[in-house]
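This report looks at how one protein chain is held together, taking its charged pairs, its sheet, one loop residue and one helix in turn.

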Amino acid sequence: MAKNKLAKFAEMETLENVFQPAHREIFRTDYDLKGKWNEKVFRNDHPIVLEIGCGKGEYTVGLGELFPDKNFIGMDIKGARMWHGAKGALEKNIHNAVFIRAYAEFMESLFAPGEIAEIWITFPDPQMSKARKRLTGTRFLSLYKKILKANGILHLKTDSPFLYTYTAELIKHNHLPASVVTDDLYGGDLDDKMLGIKTFYEQQWLSRGKKIKYIRFSLEGSDSLTEPEIAIEKDDYHSEARYMGPTPKNRML
């Protein structure tokens, strides 16, 4: 492991806005802060917004700057990336943004029913071969429903045509309320300041001509979710590292 990464892991242990629960603290048990994030961490009663798979934390920090009347939690398992967001929030004196290093599967151990007002899912791996791992699949939507307030909002932002189509079809199949469904976020006339935040990788994708898709929906009335029975063409999704690296001569962008 690179020394720089080791140094980031070590510093993460000292950052006041980072929480790294041990496996024993969240595996089949409730974390100490479950149901107490407002009281013990933010010390206010503002709505809590959770970003799943926050990466470098650009969205969590950006939203924290834009909306001081809300609290934001970025969640990811990759600490070296999360370090950037945690450090940035502290340097900018943004006190309504914190980070949790944990797998998304443990969210029910971390948050109480109704504790979360909104969830952001920003540029996740579309998991084209494994519906169970998709962050907008029925497995994860059922977990979100357990921690979201009534009429809680979900936001999906993706560059993957596959994930966009899949999620739109799942919403339609389960009759979920959706207020925005667009396959070209910046090509339309949506006037929403929160959508103006662009991560480093998003800017790179845009510069390469990829369109950003966005869906805003809720799980209201979703007593029993089922997967859509539809064949969806796989796209050319690449992980951040592969896609942003040097382009092989035999692979077109």
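A salt bridge is taken here as a side-chain nitrogen of Lys or Arg within 4 Å of a carboxyl oxygen of Asp or Glu. The model is a predicted one, and by this rule the count comes to 10 salt bridges. Lys34 and Asp30 form one of them, with their closest N and O atoms 3.0 Å apart; because that distance lies within 4 Å, the pair meets the rule.

**Confidence**

The average pLDDT of the protein is 89, and 92% of the residues score at least 70. Over residues 241–253 pLDDT stays under 50, and for this stretch the model has 14 contacts beyond four places in sequence.

**Salt bridges**

Among the salt bridges are the three pairs in the table below, given with the N to O distance of each.

| Basic residue | Acidic residue | N to O distance |
|---|---|---|
| Lys34 | Asp30 | 3.0 Å |
| Lys92 | Glu65 | 3.7 Å |
| Arg139 | Glu105 | 3.8 Å |

In the pair of Lys34 and Asp30, Lys34 is partly exposed at 21% relative accessibility, and Asp30 is likewise partly exposed, at 48%. The side chains of Lys92 and Glu65 also meet in a salt bridge, and this pair links distant parts of the chain, since Lys92 belongs to the loop between α5 (79–91) and β4 (97–101) whereas Glu65 belongs to helix α4 (residues 58–66), 27 residues apart. Glu65 counts as partly exposed, with a relative accessibility of 46%.

The salt bridge between Glu105 and Arg139 joins the loop between β4 and α6 (107–110), where Glu105 lies, to helix α7 (residues 138–147), which holds Arg139, so that parts 34 residues apart in sequence are tied together. Glu105 is partly exposed at 36% relative accessibility, and Arg139 is partly exposed with a relative accessible area of 26%. Elsewhere, Asp159, Lys210 and Asp236 are linked in a network of salt bridges.

**The sheet and Ser160**

An open sheet of 8 strands, with mixed pairing, runs in the order β1-β4-β3-β2-β5-β6-β8-β7. The edges are taken by β1 (18–19) and β7 (178–182), each of which has a single partner strand, so one side of each is left without a neighbour in the sheet. Within the sheet, β6 and strand β8 (residues 213–218) run antiparallel and are joined by 6 bridges; Thr158 has Lys213 in β8 as its bridge partner.

Ser160 is found in the loop between β6 (148–158) and α8 (161–173). Is Ser160 buried or exposed? Its relative accessible area is 1%, and because buried means under 20%, Ser160 counts as buried. Apart from neighbours within four places in sequence, Ser160 is in contact with Pro126, Lys213 and Asp235; of these, Lys213 is also the bridge partner of Thr158.

**Helix α9**

Helix α9 (residues 200–207) has Tyr201, Glu202 and Trp205 as its buried residues. Seen down the axis of α9, these residues fall within an arc of 100°, so they line one face of the helix. An α-helix has 3.6 residues a turn, so residues three or four places apart point the same way.

At the N-terminal end of α9, Thr199 acts as a cap, with a side-chain oxygen 3.0 Å from the backbone nitrogen of Glu202. Glu202 is thus part of this capping contact as well as one of the buried residues of α9. After α9 comes Gly209, which has a positive phi, near 90°.

Terms used. Residues numbered from 1 in each chain as written. Predicted model: local features only at pLDDT ≥ 70, side-chain atom pairs only at ≥ 80, totals over all residues. Heavy atoms only, no water. Helix = DSSP H or I, 4+ residues; strand = E, 2+ residues; numbered from the N terminus. Buried < 20%, exposed > 50% of the residue type's maximum accessible area, 1.4 Å probe, protein only. Contact = heavy atoms within 4.5 Å. pLDDT = per-residue confidence, 0-100. Arc of directions from axis to C-beta. Polar contact = N/O pair within 3.5 Å; in protein donor to acceptor, adjacent residues only side chain to side chain. Pairing = 2+ DSSP bridges.
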